[in-house]
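Here's a quick tour of how two chains meet, and then how two domains inside one of them touch. Have the viewer open as you read.

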Protein chains: 2
Amino acid sequence: MLPAYRSWRQLTRLGQCRFALSKCWHPPRASTRLLHQTPPMRADVQLTREHYPVTRGSYSELTDDDLQQFRRILDDGRVVTAADELDIYNTDWWRTCRGESRVLLKPRTTEEVSRILRHCNDRRLAVCPQGGNTAVVGNGVPVFDEVIVSTQLMNRVLHFDEFSGALTCEAGLVLEALDTYVSERGYIAPVDLGAKGSCQIGGNVSTNAGGLRLFRYGNLHGTVLGLEAVLADGEVVDLMSAMKKDNTGYDLKQLFIGSEGTLGFVTKVVVQCPAKSNAVSLAFLGLKSFEDVLQVYRGAKSMLGEILSSCEFIDQESIACARDNLQLAPPLDDYPCNMLIETSGSDDDHDKEKLTRFLEHMMEKELVLDGTLASNSREMTAMWTLRESIPDALLRDGYAWLYDVSLPHHMFYESVEDMRRHLSGFSADQVTRVCGFGHLGDGNIHLNVTAPRFDASVEGAIEPHLFEWTAAQGGSISAEHGIGFKKRDLLHLSKTPAAIRLMKTLKAVMDPNGILNPYKVLPSK
Amino acid sequence: MLPAYRSWRQLTRLGQCRFALSKCWHPPRASTRLLHQTPPMRADVQLTREHYPVTRGSYSELTDDDLQQFRRILDDGRVVTAADELDIYNTDWWRTCRGESRVLLKPRTTEEVSRILRHCNDRRLAVCPQGGNTAVVGNGVPVFDEVIVSTQLMNRVLHFDEFSGALTCEAGLVLEALDTYVSERGYIAPVDLGAKGSCQIGGNVSTNAGGLRLFRYGNLHGTVLGLEAVLADGEVVDLMSAMKKDNTGYDLKQLFIGSEGTLGFVTKVVVQCPAKSNAVSLAFLGLKSFEDVLQVYRGAKSMLGEILSSCEFIDQESIACARDNLQLAPPLDDYPCNMLIETSGSDDDHDKEKLTRFLEHMMEKELVLDGTLASNSREMTAMWTLRESIPDALLRDGYAWLYDVSLPHHMFYESVEDMRRHLSGFSADQVTRVCGFGHLGDGNIHLNVTAPRFDASVEGAIEPHLFEWTAAQGGSISAEHGIGFKKRDLLHLSKTPAAIRLMKTLKAVMDPNGILNPYKVLPSK
């Protein structure tokens, strides 16, 4: 059954109170997301080495002696070599990359990871660290025959400090399990992603995952208090401070946050969890232009202040795609722009009062043309599901190019409009739609182009144009998804030659044999 | 004139409303702090090389040719060699360290910094980067004859993004000037320190400065969006992204945050400024025990939630010291423990309602015995001045050992009680008092011992006992002040051998000649 949204325009016509605000409830975001259903089927995924121009590094090939050594380190059941079992570990969830690893290892302890890496380093075997395998730029799957080392069995909560909210756990703890654990103790995870049911905190940390809570609570460089990582040669670096403040020497943990497993293998983390809010409200707004969106965003920052917890943007075309391809009912009639405004606070009455004042002000100024407030948890879930299902809906157009860039706010939506102009020469049979949605509060737009099928000429028109355009605005070519395998040769658009040289210097000194997640992050040349 | 505080106990006796809450106002924290007055006079500061066991590295000595080269890079007035002028740059504000540099350079541009460092690196001249010279562990002054390179003339605001709150500026911008600039535009600096009138944002970033706002807004690893640094060999690394999200390659800027100028010279920064709150309230509470303090802290987190912006602790002895040595009137009669609870929000009425509910609940449960709310900006300033004057008051006992450690909350005040027991054998002529105050919300206590005069036997009893005890609790031996010169041989208490090896590796590869801020951060052996 579809949620029965109450649009304020409808309510106004009926003479009813426009902002029928609901009782407070806890954030009921769906734990089962469309994202975790089977992705749209496509042809068998092409091997990465066939699809992309990439040359295997001069690593050793796996031998039976290596397998025997792995079986000495782990028990037999945790050394997987069966091709059918390996398939899902070789292929990324988005079915865009596929490697040919012959072995998957499932360590349970840091010591086991250390022994595995020491052996691989001595033998010059390349290694692909893997968490929940939900990344989108090919960071988490092998490119060739790298040994896959999965954190899936390292999933214990080790400690929780109820005073500070510091959670200590192993890297393989699934984000949703982490969130549930701390939620029962009055806290929330500092990150929330569509992939929370599958992704693991170690992978989140290794990729500096963004998501819906970053706007309020900042990124993992600020909220990770400590971690433990195993270096390429097997040395364990214990940086497991649970202190919010610890200025003792270089903050080495930062090297492992966002370096996508290329500098070390994260085995444990300590994350600072924010206190859970008693009250959460969610409004879905319709607006006539992006200029108005920016005004409403500034108004929300000013009038909602400390309770503003999400500020998302969705354009008309993205909504239409979700409606047409997934039969998800939009809460409002068609508006050129839509916003999702979430508040989280400790007093529901106060929050509702602030939200009402804000919304009335915005409607009086005719910046918000219509809107609806989720009046129960089902509606709230439906609104978030709509937002989070858009990538899936886009894929169902046939083929989709999905991008993740940061831009200054005033250029946020200009990226989509520029792309529409740029692709205007293509026929409807080549380009279905150009649309955008994303984390407005963070300046992070997901810009997308869909088509009935893959078309190299369309791709050639999009890339590198989009990235060059983004760089010219002072934006970032990868806001939250990282560089991984797919964007490594675009890195120069967001980083200077001096910065890339320094990255290479760090890689060379920390992983001299280059065994950790090769072909990722750093440019191929 | 002393502020006329209204204690709730007095008001209750008078039959008046206990929580006489004031009108809203903007944070009026004092811009002129006691900290910026002349420090208590002591004998001439001993040379660092005479006071501490330290050996000069094999660096070159400054020659007339070097001075000529510096004068070619800078104009003559920005190459300072007069001994009397150099004196304050050679000596730290706390008068505990003194170097013998023969030259101070005042570059205005990154290019000038680059040329200076290139020359120093080629000539193997050691360099001491200097900001506002307010650090407490000897990070910002030369140990021997290092060339002092000051950022004081690099103090321009370069850009401000009114949508995102991202401020781009040069490293020498004084924190208070930065705060004033963004405050006029509806934002606040993400850091606030007692030294704000002198310290510079480049120094704040280089030392990962903590302070009063960290509790709410997190540390600089999270709030610095970008920076520019000059490496030891003069190479400029431009990491000046102003994007809140930028996952493109290794997050190199993190290397320069908190590494105290030993890995690079920070020349520009981009900081994410939080929106300014319309309403700020401040309560001063009296409690009978630290157990009750912890209960009130948990209650504040839960009942004040998103508006809680500071949670500070001050013990009875610290209050007595400020009263006796600086004639600062405490807001309440003597209580064993005191708390400062600050709220910052967007709606004064809502905040006052939350605060009243919280305080009533805490007094009903007899966790808070008495308290007073600042009823005007003068009282608020007075309360913060009391809190921030304690270090100065302690120095006036004669000699003071001031420490800065992080601890799990349940061990926070046990540190002081342990130290009292540990020093109980000393006479009143040797130890005047042992006391503690600090950032309870961050688990960061400033533990202090004072005496009529320096006594090596007392110091020997305090150190390394305190640091070893702190490490045993899983704490940090330096919460917010860094390692600098004074704590470098204590680093092993908070960091493992593997971590220290990795730090040394980074230092060796980024600054092979070791010219950048030598004798700091890394252990002497």
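Contact here means heavy atoms within 4.5 Å. On that count, 90 residues of chain A touch 90 residues of chain B. This is a predicted model, where local features need pLDDT of at least 70, side-chain atom pairs count only at pLDDT 80 or more, and totals for chains, interfaces and linings use all residues. Residues are numbered from 1 along each chain as its sequence is written, chains are lettered from A in the order in which they are written, and side-chain values use heavy atoms, with hydrogens and water left out.

**The two chains**

How are the copies related? Superposing chain A on chain B takes a rotation of 180° with 0.0 Å of shift along the axis, at an RMSD of 0.0 Å (a least-squares fit on C-alpha atoms of residues with pLDDT of at least 70 in both). That's the relation of a two-fold axis. In chain A, the residue whose C-alpha comes closest to this axis is A:G222, at 2.0 Å. The copies meet through the same surface, because 100% of chain A's interface residues are also interface residues in chain B.

For polar links, a salt bridge puts a side-chain nitrogen of Lys or Arg within 4 Å of a carboxyl oxygen of Asp or Glu. There are 14 of these between chain A and chain B. One of them joins A:K495 to B:D246, with the closest N and O atoms 3.7 Å apart. As for elements, α18(A) gives the most to chain A's side of the interface, with ten residues (helices are DSSP runs of H or I, at least four residues, numbered from the N terminus).

**Inside chain A**

An automatic or database assignment sets the domain bounds: chain A splits into domain 1 (157–272), domain 2 (277–391) and domain 3 (397–494). The C-alpha centres of domains 1 and 3 of chain A are 29 Å apart. Their contact takes nine residues from domain 1 and seven from domain 3. No salt bridges are counted between these two domains.

**Buried area in both places**

Buried area is the accessible area (1.4 Å probe) that two parts lose on being put together, summed over both.

| Pair | Buried area | On carbon and sulfur atoms |
|---|---|---|
| Chain A and chain B | about 7,000 Å² | 57% |
| Domain 1 and domain 3 of chain A | about 530 Å² | 45% |

Within chain A's share against chain B, A:F163, A:K245 and A:Y250 supply 15%, more than any other three residues. For domain 1 of chain A against domain 3 of chain A, A:G211, A:F215 and A:E260 supply 63% of the area that domain 1 buries, again more than any other three.

Key: Helix = DSSP H or I, 4+ residues; strand = E, 2+ residues; numbered from the N terminus.
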